[in-house]
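Reader: Please give me a close look at one part of this model, the surroundings of the ligand, and follow the chain outward from there with the cut-offs stated.

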Amino acid sequence: MINMRRWIPVLLLLTMLLAALSLVMAHDEDPPEGEPEATWEDIAFDEVPTYYGQVKEVLDDHCMSCHAPGQIGHEGAPLDEIEIVVNGAEDIAYYAQTGYMPPWMPSAENVPLKNPRVLNAEDIAILTAWAEGGTPLGEPSAETAAVVEPTAVPQVRADMVLQQSEPYTPDTTNSDDYRCFLYDPRFEETTYLTGYIFEPDRAEIVHHAIVYRIDQRARAEAFARDGQDGKPGWSCYNTTGLGGRYEEMVGTWAPGTIPVFYPAGTGYPIDAGDVFVVQIHYNTAAGAFPDQTQVSLQFAEPGKRVLPLLTAELQAPVEIPCPEGVGGERCTREFAVNYAAERYGEQFRQRPDYLLSACNKTLARDYADLDASSASSSCDIVAPANIVAAGIFGHMHELGKSLRIELNPDTPDAQLLLDIPEWDFHWQDRYQFAEPITIQAGDVVRLTCVWDNTESETPRYIVWGEGTGDEMCFATVMMVGF
Ligand code: HEC
């Protein structure tokens, strides 16, 4: 199923666009081809590397974007403190070898992505040899002694900050509360959103969030809903509840999303009269605290030529059976459908069947023999027009095991647009392609999700639902138009 808004076919202009894009989108040089790559174990040093000689540079380049003071990893490991690094040298080497740090989910088979957070063999060898060789500090030079300022991390320019004037305390009738908050940017002309950063206030309850652009035609309706129940915003399980035609996802946040900048020269057009709605998913397992999460938005300078971005949404059915040995009513699909409809609204009753038919699937043929420990589902989406894709985002919840988005699967031209072999709920990035990917009309994009329902503490049959204990198989493709 594909859902494209404000889509303008780019058939004839495609070549022109690609030429323009290659000018505006900076990308790294290709790695040299040919020789098989050496692994870190193949690399030996004549002398033990030192902290000031080599180690600090590896940390500065690959770790400080998250581990400098004020960044998300500083609390877990303040790597700006030498003693911490020295004492943790073995752990650091081990995390580097296993790929646990820096966190980067896509596999090596993925099409090249921008800013991959991966260490090369030499970096890993340096950290390992240093840990094994007694962690010598070496002599600081003027250059290497410099403290890395967190400003080395690209900052989103906060041209507009979206934050409620009073905190919202999530509703605990459900363990998952979805709340929509309204913001009026009061633009008088089309303005292009070029980046954003989410700053969750109470990270332990903010599970994910979406920034929607709401078309001016739904503006009055949005204002009518706001604050109706005496609290900021309104309850909104099914997207914003303002009608699919009027809303477009222009930003997403989940744990692990760091500041987002759209490709240079592109942005999401926000027209005069449009408003923003920020939907926040609160999970109250840790409690219900007053929250005032904020989102900072960056816009293109007025008058600058910007190629508009558009979002396509991809979805696949969610049909996850109970693990072996578990039975009873909770393991029936009927129970699951009622469960979703009761909690998230009647639209969720039709959704499972709708997704099956939209994806040409049947329960009997495609979902009868699933193994709960690796229950999979997929949907083939046929591109309705030529598309230039600049980025991709995949989303599941906590039972997710792997996620894949393939272009023209099972053909010689197959490409892996997103390949996450080990799903981690805590690291869901919006990835951008190193070079834009062209998708021709008629091409197939296949979204596949795999779940492990033996991980669930209270196993039941699961269909598409909004709660953290429910599941989704969802992706967005960021497209560049004219
Ligand atoms: C994209 C952000 C990011 C980058 C880049 C990153 N880290 Fe982390 N790191 C985190 C976060 C967040 C945590 C805390 C969460 C956790 O423990 O899982 C963490 C935790 C750690 C911990 C403590 C782990 C534990 O479980 O005690 C160490 C050590 C660490 N990182 C080392 C590194 C090193 C070394 C690098 C660079 C080679 C690096 N990190 C790069 C985000 C990052």
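Author: A residue is called buried under 20% relative accessible area, exposed over 50% and partly exposed in between, for a 1.4 Å probe and protein chains only. By that criterion, buried residues make up 52% of the 482 residues in the chain, which has 10 helices and 19 strands (DSSP runs numbered from the N terminus: H or I of at least four residues for helices, E of at least two for strands). This is a predicted model, in which local features need pLDDT of at least 70 and side-chain atom pairs count only at 80 or more, while totals for chains, interfaces and linings use all residues. Residues are numbered from 1 along each chain as its sequence is written, and side-chain values use heavy atoms, with hydrogens and water left out.

The shell around the ligand holds 19 residues (each with a heavy atom within 4 Å), of which C63, C66, H67, Y100 and M101 come nearest. Two elements, α3 (64–67) and α5 (89–98), give two or more residues to this shell, and α3 supplies its largest share, three residues. A polar side-chain atom of H67 lies 2.7 Å from a nitrogen atom of the ligand, and a polar side-chain atom of Y100 is 3.1 Å from one of the ligand's oxygen atoms.

Turning to the metal, the iron atom of the ligand has two protein donors, NE2 of H67 and SD of M101, at 2.0 to 2.2 Å (donors being N, O and S atoms within 2.8 Å of the metal, or 3.2 Å for Na, K and Ca). The angles among the six donor atoms of this iron run from 87 to 178°, and the site is octahedral, a label for six donors that requires opposite donors over 155 degrees apart and all others between 65 and 115. For reference, ideal octahedral angles are 90 or 180 degrees. Because H67 lies in helix α3 and M101 in the loop between α5 and α6 (121–132), the pair ties together parts of the chain that are 34 residues apart in sequence. The accessibilities of the two donors fall in separate classes: H67, at 12% relative accessibility, counts as buried, whereas M101, with a relative accessible area of 25%, is partly exposed.

The loop that carries M101 also deserves attention for its backbone. The peptide bond joining M101 to P102 is cis, with omega about -10°, and P102 lies in that loop between α5 and α6 as well. Also in this loop is N115, which has a positive phi of about 45° although it is not a glycine, and which counts as exposed at 60% relative accessibility. As background, most residues other than glycine have a negative phi, and most peptide bonds are trans.

Beyond α6, T135 lies in the loop leading from α6 to β2; its phi is near 50°, again a positive value in a residue other than glycine, but T135 counts as buried, at 16% relative accessibility. Following the chain further, Q164 lies in the loop between β2 (160–162) and β3 (176–183) and, at 15% relative accessibility, is also buried. In strand β7 (residues 247–253) one finds T252, buried with a relative accessible area of 3%. The C-alpha atom of T252 is separated by 7.7 Å from that of R430, although the two residues are 178 apart along the chain.

How values were computed
A polar contact is a pair of N or O atoms within 3.5 Å; within protein, one must be able to donate a hydrogen and the other to accept it, and residues adjacent in sequence count only if both atoms are side-chain atoms. Four donors count as tetrahedral if all angles lie between 85 and 135 degrees; four count as square planar and six as octahedral if opposite donors are over 155 degrees apart and all others between 65 and 115; anything else is irregular.
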